[in-house]
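Reader: Could you walk me through this one? I'd like to ask about a few residues and how some of the pieces pack.

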Amino acid sequence: MIEVKNLVKRYGDHTAVDHLSFQIEKGKIYGFLGPNGAGKSTTMNMITGYIASTEGQVIIDGHDILEEPEAAKKCIGYLPEQPPLYFDMTVLEYLKFAADLKKIPKDKRASMVDEVMEMVKITDMKNRLIKNLSKGYRQRVGLAQAILGYPEVIILDEPTVGLDPKQIIEIRSLIMDLKKKHTVILSSHILSEVSAICDYVLIISHGKLVASDTPDNLGKLAQGSNNLTMLIKGSRAQIKKSLEEVEGVKDISVSADKEQDLWKVSVSTEENTDIREQVFYKMAENNCPILEMQSRKVSLEEIFLELTEGEKKPAEKPENDAGTAGDEEESEGADSDDIIIEEREENHDGNL
């Protein structure tokens, strides 16, 4: 659906995006992640044709975004972090205006506007001025204009920023529904949000793609992803000796739990190896009962930090270069690209 080939964006001596390549397939929700200054917003702006690339290509459904901009942009619905709204228009007036700009056939405009308003649940607000709406409803209006025309790809930049928990749940549910008919690219600085709704994750750091896979597969590749923690009763020496005999065990850590007179045991294993059954039988054989066993799952937050902190940072610029366009680009994205590490919690309905 979308093919990005060796995409480069330079501002003077600063390279914001460095030979980035990836493909977006139909019918999936993609999470696009990157720390402050990584080039995330710059990349999204080049995909949508908002800014031109220095080198490389963005091909959308067979159309080059620079050579055939009109045909390529017809395939995209875009919701920027700040929705492009006209506050002195009513919701209905604005969506009719957006439908006109998108050249939706006149005989279909009214019905499509009604359908989209119903989809994002703003029908009751259609005659209200946009300036009188809450942030949550403004976000819905922005999403409605992105969906108008039913483009193949919908790109959402920070769609839940500034919303209350109830609104966040509703917007996430709406994004999940969009997957049925559209390909969705979701940029977010809330990592738990990406874990909750995305099928595939792209992580960039310093303008380069450092990882691209499903959240589960990224977890398997991360350091410490195969980690077993246990509470075991018995002799420390016997516990350690028994675990060393289990095939697939790499590292063993044993420490005393003085409160319960037990041993806290942590075991790391080889990639994609499940040793729980072998450990259970080995401990039983040596009269060392296991009172608790947990298989640790690495969070997307930990994966993100591992991948981005390990990247070599570019050299500091001389002070006299402080006013270059590259620095302006980084400072401009400072607020929108900051990563917020948020604990994922489930609400009472199990939605998050």
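Author: A reasonable place to begin is K240, which counts as partly exposed because its relative accessibility is 31%, where buried means under 20% relative accessible area, exposed over 50%, and partly exposed in between, with a 1.4 Å probe and protein chains only. K240 is found in helix α9, residues 236-244, and helices (H or I, at least four residues) and strands (E, at least two) are DSSP runs, numbered from the N terminus. The model is a predicted one, in which local features need pLDDT of at least 70 and side-chain atom pairs count only at pLDDT 80 or more, while totals for chains, interfaces and linings use all residues. Residues are numbered from 1 along each chain as its sequence is written, and side-chain values use heavy atoms, with hydrogens and water left out.

Reader: ok, and how far is K240 from I252, C-alpha to C-alpha?

Author: Their C-alpha atoms are separated by 7.3 Å, with the two residues 12 apart along the chain.

Reader: What about I203, where is that, and is it buried or exposed?

Author: I203 lies in strand β9, residues 200-205, and it counts as buried because its relative accessibility is 0%. From its C-alpha to that of G34 is 5.7 Å in space, although I203 and G34 are 169 residues apart in sequence.

Reader: And L218, which element holds it?

Author: L218 sits in helix α8, residues 215-221, and it is also a residue that counts as buried, at 6% relative accessibility. Its C-alpha atom and that of F304 are separated by 9.4 Å, with their positions 86 residues apart along the chain.

Reader: Let me switch to helices. At what angle do the axes of α5 and α6 cross?

Author: The axes of helix α5 (residues 135-147) and helix α6 (residues 165-178) cross at roughly 10° and come within 11 Å; here axes are lines fitted to C-alpha atoms, for helices over the stretch in contact, and angles run from 0 to 180 degrees between N-to-C directions. The two helices are therefore roughly parallel to each other, given that angles under 35 degrees count as roughly parallel, over 145 as roughly antiparallel, 65 to 115 as roughly perpendicular and the rest as oblique.

Reader: Which residues meet there?

Author: From α5, G136, R140, L143 and I147 meet Q167, E170, I171, L174 and L178 of α6, where contact means heavy atoms within 4.5 Å. By class, this contact has five nonpolar, two polar and two charged residues, with Ala, Val, Leu, Ile, Met, Phe, Trp, Tyr, Cys and Pro counted as nonpolar, Asp, Glu, Lys and Arg as charged, and the others, Gly among them, as polar.

Reader: How many residues of α5 are buried, and what do they pack against?

Author: Helix α5 is mostly covered, with 10 of its 13 residues buried, and these buried residues pack against β6 (76-79), α3, α4 (106-119), β7 (153-157) and α6. Just after α5, G149 takes a positive phi of about 90°.

Reader: What about α1, how many of its residues are buried?

Author: Eight of the eight residues of helix α1 (residues 40-47) are buried, so this helix is largely enclosed by the rest of the structure. Helix α1 is followed by G49, whose phi is positive, near 85°.

Reader: Those are glycines, so which residues other than glycine have a positive phi?

Author: Among them are H19, with phi near 50°, and K121, with phi near 60°. H19 belongs to strand β2, residues 14-24, and is partly exposed, with a relative accessible area of 43%, whereas K121 is in the loop between α4 and α5 and is exposed, at 61%.

Reader: Last thing, what is the mean pLDDT, and where is it lowest among the elements?

Author: The mean pLDDT of the protein is 81, and 81% of its residues reach 70 or more, pLDDT being the predictor's confidence in each residue, from 0 to 100. Among the elements, helix α13 (residues 334-337) has the lowest mean, 42, and helix α3 (residues 91-101) the highest, 94. Over residues 312-352 the pLDDT is below 50, and this stretch has 58 contacts in the model beyond near neighbours in sequence. Where pLDDT is low, the predicted coordinates should not be read in detail.
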